[in-house]
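Me: I have a new model open and would like to learn how to read it. Could you walk me through its features, one at a time?

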Amino acid sequence: LNVNSSKINEINDNEKEMQIGREVQIKKSENIYSNDKLGWKLYKATQDIIRVSDEESKNTVVCQYVPWMQKVTVEYKNPEGHEIIKSLVKESQVGSKFKAEVIDEVTDGNGKVWVYDGAENKEIVLSEQGNTIQLNYKPQLKAVTIKYVQLDGGSIIGDLIEHIQVGEKYIPNIVGEISDEEGKCWEYVSVSRKDFNVQADESANEVVIKYEPKLVDVVINFVNQDNAQVKNDEKLRRQIGSVLVYNAELNVLDRNGLGWSTENQENKFEIKRENNIFTIKYKPYYVNVYDRIVNEANEDIVEPIICQRQVGTKYEADIKELIVDEEGKEWVHATSKFATNNYSLKVASDESKNSVYIKYTPNLADVTIMYVDPLGQILKKNSSVKAQIGSEFSAEIVERITDGKGNKWTYNPNTKNAIKVEKENNTIVLSYEEQKALVTYKYQDEYGNRLKAPRSEEHTSELQSRPHIS
């Protein structure tokens, strides 16, 4: 058996003795295996029939062989066993070892990309038939990012990330309404891409879906303790699931001008899908009203009388005919030219405008002033004056008076000249002493010559007796 690179010469070494001269049909093997287990296919033989010769060198037949080739099919399958791309068919010698060349990434007829699953690529020994190698592929997945944003671009909820096969047509699942972590509802407005083929570059696989707040009607009622309306309803539009922080007016006027006040200035309302009607309660808005008790000069006689009344109501002052101030002095309601007789007002929210001025004048009583000598004898006619009841009244002091006889009298400073004025029996007694003067006696002759030393004596203003001359 001789072997070269191109063929094999097979010498039939089945030696048999045959009759010389006889024709023998040569039996040839179509396929044979060499010692290294490779397959070979008969190419040709030097002759098909030989006549046995008595020369043994002529009784040899040479068969030439070429490599016995068989087809190898390389299949590219997905996990479901379906063909991804057309199988690759190659030829190799039977008995030889064959290892398919792996393509790391393939694209099917629909543009979808598949990647080799990484399994060990085992080599096979070619058999006479049925030589198939299956390479398994899995989808090449890339991230598709769905962003849910507000109209201004602010994020509403976290991104949705899906892993989709490269090349596959992707259609975003658009939800008409979504809720964020706070429970607020948003409704669909637009999408950046309605469909696209997934790319290997994940930055190209972004979809932005825009939403706006889903709004519903909100009505706020403003009522008093009797559920009567104090202010027109306020109608708003707010997002479902949001919390409405409503700062109510602290004080309001109703259609009749009456004032109302709320203790719930800051209100929080949770907005639902329906029946968003909320009520804010008000109670009468009370402010101070002042009764100003004043004299003719509009000066306060006593501290203002304070009461509380509802804004917008009419206030009538309670007039007292007589009052007593802190010092005990009495005052009477003025009915003279000082009285305005306007003791009512419409209560305003501005307390500086809520003053009623009620005029009072001093309540007067008669005070009699008597002028007497040390013995209580009346020196002159009594005088009468008016003074305020409850006040401390001091009579005007006349230092010197003349009685009916012409005698001069001087006020005694030890006399009490003040009283607290009562309603009646008010008398002040002023005591006086004789007014005396110094009288000097000079002693002279008819020519004016001094006869003796002068002498002085005190006398009342009207001499009661002749002086004693000695």
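Reply: Happy to! Keep in mind that this is a predicted model. Let's begin with the surface: the accessible area of the chain is about 30200 Å², and carbon and sulfur atoms hold 45% of that.

Me: What share of the residues in the chain counts as buried?

Reply: Of the 470 residues, 36% are buried.

Me: How do I read the overall form, and what radius of gyration does the chain have?

Reply: A handy approach is to set the value beside that of a compact globule. For 470 residues such a globule would come out near 23 Å, whereas this chain has 69 Å. The extents of the C-alpha trace add to the picture: along the principal axes they are about 240 × 65 × 30 Å.

Me: Which secondary structure elements should I look for, and how many are there?

Reply: Look for strands: the chain has 45 of them and 0 helices. You can also ask how far along the sequence the contacts reach. Among contacts with a separation of 6 or more, 55% join residues 24 or more positions apart.

Me: And charge? How many positive and negative side chains are there?

Reply: Count each kind, then see where the two sets are centred. Here 61 side chains are positive and 76 are negative, and the centres of these sets lie 3 Å apart.

Me: Now the aromatic rings. How many pairs are found in the whole structure?

Reply: The search gives 11 aromatic pairs. To read one, take the distance between ring centres and the angle between planes. For Tyr-371 and Tyr-432, the centres are 6.1 Å apart and the planes meet at 45 degrees, so this pair is tilted.

Me: Why does that pair tie together separate parts of the sequence?

Reply: Because Tyr-371 sits in strand E37 (residues 364-372) and Tyr-432 in strand E43 (residues 426-434), the pair links parts 61 residues apart in sequence. Both Tyr-371 and Tyr-432 are buried.

Me: What kind of pair do Tyr-411 and Tyr-432 make?

Reply: Their ring centres are 5.7 Å apart with planes at 70 degrees, so they are edge-to-face. Tyr-411 belongs to strand E41 (residues 408-411) and Tyr-432 to strand E43, so this pair joins parts 21 residues apart in sequence.

Me: Is Tyr-411 buried or exposed?

Reply: Tyr-411 is buried, at a relative accessible area of 9%. Tyr-432 is buried as well, with 0% relative accessibility.

Me: Which residues form an aromatic cluster with Tyr-76?

Reply: Tyr-116 and Tyr-137 join Tyr-76 in one cluster.

How values were computed:
Residues are numbered from 1 along each chain as its sequence is written. This is a predicted model: local features need pLDDT of at least 70, side-chain atom pairs count only at pLDDT 80 or more; totals for chains, interfaces and linings use all residues. Side-chain values use heavy atoms; hydrogens and water are left out. Helices (H or I, at least four residues) and strands (E, at least two) are DSSP runs, numbered from the N terminus. The radius of gyration is taken over C-alpha atoms; the globule rule is 2.2 Å times the number of residues to the power 0.38. Buried means under 20% relative accessible area, exposed over 50%, partly exposed in between (1.4 Å probe, protein chains only). Contact means heavy atoms within 4.5 Å. Accessible areas come from the Shrake-Rupley method with a 1.4 Å probe; for residues, only the protein chains shown count as cover. Lys and Arg count as positive and Asp and Glu as negative; His and the chain ends are not counted. The place of a charge is taken as NZ of Lys, CZ of Arg, CG of Asp or CD of Glu. Rings of Phe, Tyr and Trp (its six-membered ring) pair if their centres lie within 6.5 Å; planes under 30 degrees apart count as stacked, over 60 as edge-to-face and the rest as tilted.
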